Amino acid sequence: MSDTKTVRFGLLGCIRFASKFVRTVTESSDAVIIAISDPSLETAKTFATGNNLSPETVTIYGSYEELLNDANVDAVYLTMPVTQRAKWAVTAAEKKKHLLVEKPPAQDATELEKIVEACESNGVQFMDGTIWLHHQRTVKIRDTMFDSGLLGDVRHMYSTMTTPVPEQVLERLTKEAMGLAGAIGELGWYPIGAALWAMSYQMPISVRALPSSVSTNSVGTILSCTASLQFGSTATTTAIVHCSFLSQLSTDLAISGSKGSIQMNDYVIPYKEDKAWFEYTSGAKFVDMHIGWNVTPERVTVDCSGTPETQEAMMLREFTRLVEGIKRGDLEADRRWPEVSKKTQLVVDAVKKSVDIGCEVVHL
């Protein structure tokens, strides 16, 4: 019988970004990497060497099938291209492996539903890799601004995720590599998810891609897009979300409520790993003659210097807590996480559909 206190991970895909996950697991007392895999055995071996994964303790496979047939692996971390994730996520679930999947976890809601159904029917946990949801700052904002009533009712949100890609690389961003939604899936997952989070996962009633905002490369991959989201039966709450491979790095999140407002410029990955902050105002108004404000923004700082307090460590801790509980028989898979993913995917799909039909309104 396996040790229920340690979750044994296997990696499906050895891309450079997976090194961050290796670092997080290495620093954890709740998890260990025991296997890695890649369709190229040489790529897997190079990854192992570069991340100090010894062949004496980590099995290196040259195919995903071999790793999934390893009975010692409890959970898998999927990082292969999004166009391949649904196939291997379903296969992994059928092999009774718990799933931590990079975002976006699928190309569309149909694929994601198949993944979730496979997880539920096999009693395994599903979670996507949206790390900022696990940050202590995110929890602090919820407590300080939302649950306390300091923000009031959410009225408007503005959120971005942009990162520059060299011009010579843009033409190589194909739908086969990026998925059907392009930047909307790869980057838009964050601002769309942020808007849903701020609305406690109430779904918008409609979305629309803004016509002048959509840019594609010569093969039709979406490189940039801005969309509006309408919430509430009378559209009393709105959001503007923007994603792009054509702009410099930005991860802005601004939320305006009936009583206060919140502002961050680093919600996806904080400026500093050991601390993070957000600014808010409450009861703000212009002073007489409109020569200034009656308040200045208050800054709330969250200390993340303890262990395991990075957002990556917090996500891993939550995932391993669930997996350990399932292994012991104390818990069932938490359906909250796949529900969050499914709602985000549905809105991603709606924005993509709006682009496809000439930036018309899509009702949900």
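## Report on a predicted protein chain

UniProt, in an unreviewed entry, places the feature "domain: GFO/IDH/MocA-like oxidoreductase" at residues 145-262; UniProt positions are given in the numbering used here, feature names are shortened, and annotations may be inferred rather than shown by experiment. This is a predicted model, in which local features need pLDDT of at least 70 and side-chain atom pairs count only at pLDDT 80 or more, while totals for chains, interfaces and linings use all residues. Residues are numbered from 1 along each chain as its sequence is written, and side-chain values use heavy atoms, with hydrogens and water left out.

Over residues 145-262 the chain is 21% helix and 35% strand, and the end C-alpha atoms of this stretch are 8 Å apart. The protein chain as a whole has 12 helices and 16 strands, where helices (H or I, at least four residues) and strands (E, at least two) are DSSP runs numbered from the N terminus.

The radius of gyration of the protein chain is 21 Å, which agrees with the value near 21 Å that a compact globule of 364 residues would have; this radius is taken over C-alpha atoms, and the globule rule is 2.2 Å times the number of residues to the power 0.38. Along its principal axes the C-alpha trace spans about 75 × 45 × 40 Å. Of the 364 residues, 53% count as buried, where buried means under 20% relative accessible area, exposed over 50%, and partly exposed in between (1.4 Å probe, protein chains only). Among contacts (heavy atoms within 4.5 Å) between residues at least 6 apart in sequence, 70% join residues at least 24 apart.

Some details of the backbone also deserve a look. Most residues other than glycine have a negative phi, and most peptide bonds are trans. Lys103 and Pro104, however, are joined by a cis peptide bond with an omega of about -10°, and Pro104 lies in the loop between β5 (98-101) and α5 (109-122). Two residues with a positive phi, neither of them a glycine, are set out below.

| Residue | Phi | Loop | Relative accessible area |
|---|---|---|---|
| Lys96 | about 70° | between α4 (82-94) and β5 | 48%, partly exposed |
| Tyr201 | near 65° | between α10 (189-198) and β8 (206-209) | 16%, buried |

Lys96 is thus partly exposed at 48% relative accessible area, whereas Tyr201, at 16%, counts as buried.
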